[in-house]
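Subject: The structure, and what turned up in it

Hi,

Here is the structure I promised to pass on. Have a look at it first, and then read on for my notes.

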Amino acid sequence: MTARLPATSVSRSAVVKSRLDFPVIDTDVHTNDYTPALEDYVAHYGGTELVDEFRRANSERSRSESNGQDWYTQTPEQRHFHRTRRNPWWARVTDNTLDVATYHLPQLLYERQDEQGADYSILFPNNVLSPLAARSAEARQVLQRAINHYHADLYRKYSDRLTPVAGIPLHTPEEGIAELEFAVKELGLKVINIAGGVRRPIKAIQQQFSPEEFKKIEKYASWVDFYGIDSEYDYDPFWAKAVELGVPITTHYGSQGWVGRNSTSNYMFNHIGHFADASEAFAKALFFGGVTHRFPQLRFGLLEGGADWGARVFIHLVDRWEKRGPEGLRHYDPAALDGHGLADLFRRYGGDLVKGRSLEPQQLIADTLGKRYTREASQPAPEQQNDFALAGIESVEDIKARWVDNFYFGSEADDRTVAHAFNSRANPLGVKINAIYSSDVGHWDVPDLTEALAESRDLVDEGVISEADFKALVFENPYRLYTEANPDFFKGTAVEAKLARNAFRN
């Protein structure tokens, strides 16, 4: 007996799925862990002390605290005084008991895949990156390994339709490589999840304080390392290892708490757009740092931020290349300015304005454009002028290859802004951005898991996207994300079986 919808009921998503001649791949399903079972794995790896650290790290992730007080224990005046950010609350569905159980029980989730409307789902357990809040590098690494091991064992028997991601810590490329090799070679996991950046101290401030004193101000005196441009480390060995092992890289990186997302009273103010902003910073760091140029085989899934921002940044990259690339910069070179011609025009048309003032060309340039444009001012060296150099950009087609081909943008089922990703009339070169179906099942965005696929299909019925766009969203783009990194990704899965059946029928 299975715990599904009543036998007389069929979910809207199941109906949609039954009418498709291609598989549906859900790239973002969130599960919860049954804590006692997970803590058994943690204890096996590090004993009761590691369990205590796991509990502390997990609690710290979900609490916004200032001056030792949680947001809910502070008065409004204290929150304002300490600038205590309003964090999420009630982030899990509770009024649908069947769904609550589904997110915790692998067998039940497996049995309900058709109701969900998916042939195959990529799972992101909510604890997968909790070790990043550990107090020491050693605890972080051991905790991460224990949690990855637990998830690998928990879902192994359901691998034809479900696969969990491996959490990978990236404070240094070495620790990332070590966990990546263990997760893939020892545990058999085939997708990884990373934080889109690592907070690091600003050294010029850090060195002015003792370690204990600096802890009090560390979160205000830090910067985010996005592993690409301006990084503290050379992450190329890690990217090379991901390519070698054929692993797609995913992230749900957020920006709550960043400037402009730090309200002390309103969670929605902090939340709307924060995944897109953070993933944009991560992706641009990889692009401008030349990562996607040096490793064109890398495939990144940027989740929960929608896909419209991927189109917007692509458009802006092309616009900026045309204006600020090597050819465009000639329009702004101070050496191109005719100082004598400028002075002549001021004499002819600005006599009253400049009466009694110097019209010596260099002085006039300083008085109009500023001293930075005068002959004596220091200027960037030729190698400092091209912001697109590390990315290897010589044409608009190169931007497409380094941005559109490497990045896939997770769109939740009811996200109407996905239309921008498929707007080939607005996107340069007439391309469509790689939007991927990312239901976010398991979080508050989806109060009923059986509605997810149907809500994406509603976008077709409402004329937001086309039939072809829908197929690209729920199948073609997700399929390419995983198989371009690893051609055997779907071997032995329901996706492979369905494609084979359809090929036989055709």
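Let me begin with K17, which is buried, with a relative accessible area of 12%. Please keep in mind as you read that this is a predicted model.

**Salt bridges**

Side chains of opposite charge can pair when their charged atoms come close. Across the whole structure, the search finds 31 salt bridges. One of them joins K17 to D114, with 3.1 Å between the closest N and O atoms. K17 sits in helix α1 (residues 12–18) and D114 in helix α6 (residues 113–116), so this pair ties together parts that lie 97 residues apart in sequence. While K17 is buried, D114 is partly exposed, at 36% relative accessible area.

R55 and E39 also meet through their side chains in a salt bridge, at 2.8 Å from N to O. Here R55 counts as partly exposed, with 47% relative accessibility, whereas E39 is buried at 11%. The cut-off for calling a residue buried is under 20% relative accessible area, so E39 falls on that side.

A third example is the salt bridge between D344 and R348, whose closest N and O atoms are 3.7 Å apart. Both belong to helix α16 (residues 339–349), and because they are four residues apart there, about one helical turn separates them. D344 is partly exposed at 35% relative accessibility, and R348 is exposed, with a relative accessible area of 53%. Elsewhere, salt bridges with shared partners link K17, D114, D119, R161 and K498 into one network.

**Pocket and cavity**

Rolling a probe the size of a water molecule over the atoms shows where empty space is left. The second largest pocket has a volume of about 510 Å³. It is lined by 16 residues, and those closest to its centre are R324, L329, Y332, P380 and Q385. What classes of residue make up the lining of this second largest pocket? There are seven nonpolar, four polar and five charged residues in it.

As for enclosed space, one cavity of 30 Å³ or more is found in the whole structure. The largest cavity has a volume of about 40 Å³. Its lining consists of E412, A413, D414, S439, D445, V446, A452 and E455. By class, that lining of the largest cavity divides into three nonpolar residues, one polar and four charged.

**A surface patch**

On the surface, Y72, W89 and W90 make a nonpolar patch of about 440 Å². Y72 belongs to the loop between β3 (69–70) and α3 (76–82). Is Y72 buried or partly exposed? Its relative accessible area is 46%, so Y72 counts as partly exposed.

**One more residue**

E179 lies in helix α8 (residues 173–186). With a relative accessible area of 4%, E179 is buried. If you would like a distance to check in your viewer, try E179 and L499: they are 320 residues apart in sequence, and their C-alpha atoms are 33 Å apart in space.

Happy to go through any of this with you over coffee.

Best wishes

How values were computed. Residues numbered from 1 in each chain as written. Predicted model: local features only at pLDDT ≥ 70, side-chain atom pairs only at ≥ 80, totals over all residues. Heavy atoms only, no water. Patch = residues over 30% accessible without salt bridge, like charges linked within 9 Å, V, L, I, M, F, W, Y side chains within 5 Å. Areas by Shrake-Rupley, 256 points an atom, 1.4 Å probe, with all protein chains shown as cover. Salt bridge = Lys/Arg side-chain N within 4 Å of Asp/Glu carboxyl O. Helix = DSSP H or I, 4+ residues; strand = E, 2+ residues; numbered from the N terminus. Buried < 20%, exposed > 50% of the residue type's maximum accessible area, 1.4 Å probe, protein only. 1 Å grid on protein atoms, 1.4 Å probe; cavity = no way out; pocket = protein on both sides within 12 Å on 5 of 7 lines; lining within 4 Å. Points joined across faces, edges and corners; volume = space filled by probe spheres on them. Nonpolar A, V, L, I, M, F, W, Y, C, P; charged D, E, K, R; others polar.
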